[in-house]
Amino acid sequence: MKADIIGLQEVSFKESNQLNDLVQVDDYEQYLAEAQLCIGEVNDTVDPEFNIDGLAILLSNKLMKKAKNQNHKVLHISATRVAHMLTVEVDDLKVNLINLHLHHPEEDESVRVHQIWSILKWIEYNTKQDDLTIMLGDFNAEPDSKTYQTILEKGYVSSHMKVHSCEPINTFHNRIEAPYKDASPDGTFDYIFVKDNKNSKLVWDIKAVSIHGQEESTVDKGIYASDHYALVAEFVIG
C-alpha cells in the first residue's frame, strides 16, 4: 500500500530486528519503543514466554523528505508496556502519532482505564490545539468498554466509526494454528483515533478506512499475517 505511516505492536527487535525482514530499509525510518526497559526495576526475572519486545512506528522516506524536527518520546505505562509518540513537522503542520498496546486480560478493565488516562494526559501535555493528533494501536478494549468511552470523552473520533457509522465486527481472531496462540474469543480491539479539536484551524477528513490481512496463507494452512487484522485509514489534510 506504500503507507506513509505504519504503527505496529508486539514487534520483536531485541536480538534480531524483525522489521528488517519485513520492510525495505530504504523505504521506512524506524522508531522503536522497547516494552521491558524498566522490568529490572520491578523484579529480576522476565517471563520467558513474554515475547512482546515493544512497539514501532514506521515513517516512509517519501514523507521523511518533507518532514523536519522529528521528536520521539516513550511513556512507560507498566513494567512491561509502553506507549510512544512521534511528532513530525510537515510544512506548517505538526503531526503527533501515538502508538500503544494496552493491558490485555479481559477482566482487568480498570487497569486499561488507568493506562489510557495516563496516556491521554501525556498527549495533552505534549501537544497543541492546532496539531493533528492520531492515536492508534491495540487497545484490548471493546467499543462498549469504559476505556473506549474515556477516549471519546477526551474529544477523539474513531476513524472506522466516522466513515462506516460502526466499528469492525472484529479485529482479533483466534484461527491461527501455532504454538502459544491466543485462544481468546474474537473481538474488536484495534482502532485509529484522531483528536477532533473543535476550535482548531486545522482542516482534516478521513477519505477511507478498510480492514486487511484476513487471508489465510495459501502455502501453510492455519497461518495468517497476524492474529490481528490491519486497520488502514486514509487521511486528507488541509
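This section describes the confidence of a predicted model, the surroundings of strand β7, helix α5 and the nonpolar cores.

Confidence comes first. Across the chain, the pLDDT averages 90, and 93% of the residues reach a score of at least 70. Residues 38-44 call for some caution, as their pLDDT is below 50. Beyond near neighbours in sequence, this stretch makes eight contacts in the model.

A convenient place to begin the tour is strand β7, which spans residues 132-138. The strand is mostly covered, with seven of its seven residues buried. Strand β6 (residues 93-101) runs parallel to β7, and seven bridges join the two. Within this pairing, isoleucine 98 has methionine 135 of β7 as its bridge partner. The connection between these strands involves helix α4 (residues 109-126): together, β6, α4 and β7 form a right-handed β-α-β unit. Strand β9 (residues 190-195) also pairs with β7, here in the antiparallel sense and over five bridges. In this second pairing, leucine 136 is found opposite isoleucine 192 of β9.

Helix α5 (residues 146-153) is the next element to consider. Its buried residues include Thr147, Tyr148, Thr150 and Ile151. These four lie on the same side of α5, because they cover an arc of only 160° around the axis. The packing partners of the buried α5 residues are α4, β7, β8 (156-158), α6 (159-164) and β9; β7 thus appears here once again. Just after the helix, glycine 155 adopts a positive phi of about 95°.

Turning to the interior, nonpolar side chains tend to be buried together in soluble globular proteins. In this model, the largest nonpolar core contains 22 residues. Leu59, Leu86, Leu97, Leu132 and Ile134 are the members with the most contacts inside this core. At least two core residues come from each of β3 (54-60), α3 (61-64), β5 (82-90), β6, β7, β9 and β10 (204-212). Another core, of 20 residues, lies apart from the largest one. Among the residues of this other core are Ala83, Met85, Ile98 and Ala141. Ile98 is thus a member of this core as well as the bridge partner of methionine 135 in β7.

A closer look at leucine 59 rounds off the picture. Leaving aside residues up to four places away in sequence, leucine 59 touches Asp4, Ile5, Asp27, Tyr28, Glu29, Tyr31, Met64, Leu86, Val88 and Leu97. Of these contacts, Leu86 and Leu97 are also listed with leucine 59 among the residues with the most contacts inside the largest core.

Technical notes: Residues are numbered from 1 along each chain as its sequence is written. This is a predicted model: local features need pLDDT of at least 70, side-chain atom pairs count only at pLDDT 80 or more; totals for chains, interfaces and linings use all residues. Side-chain values use heavy atoms; hydrogens and water are left out. Buried means under 20% relative accessible area, exposed over 50%, partly exposed in between (1.4 Å probe, protein chains only). Two strands pair if DSSP finds at least two bridges between them. A crossover is right-handed if, with the strands pointing away from the viewer, the path from the first strand over the helix to the second runs clockwise. The arc is that of the directions from the helix axis to the C-beta atoms. Contact means heavy atoms within 4.5 Å. pLDDT is the predictor's confidence in each residue, from 0 to 100. A nonpolar core is a set of buried Ala, Val, Leu, Ile, Met, Phe, Trp, Tyr and Cys residues joined through side-chain atoms within 4.5 Å.
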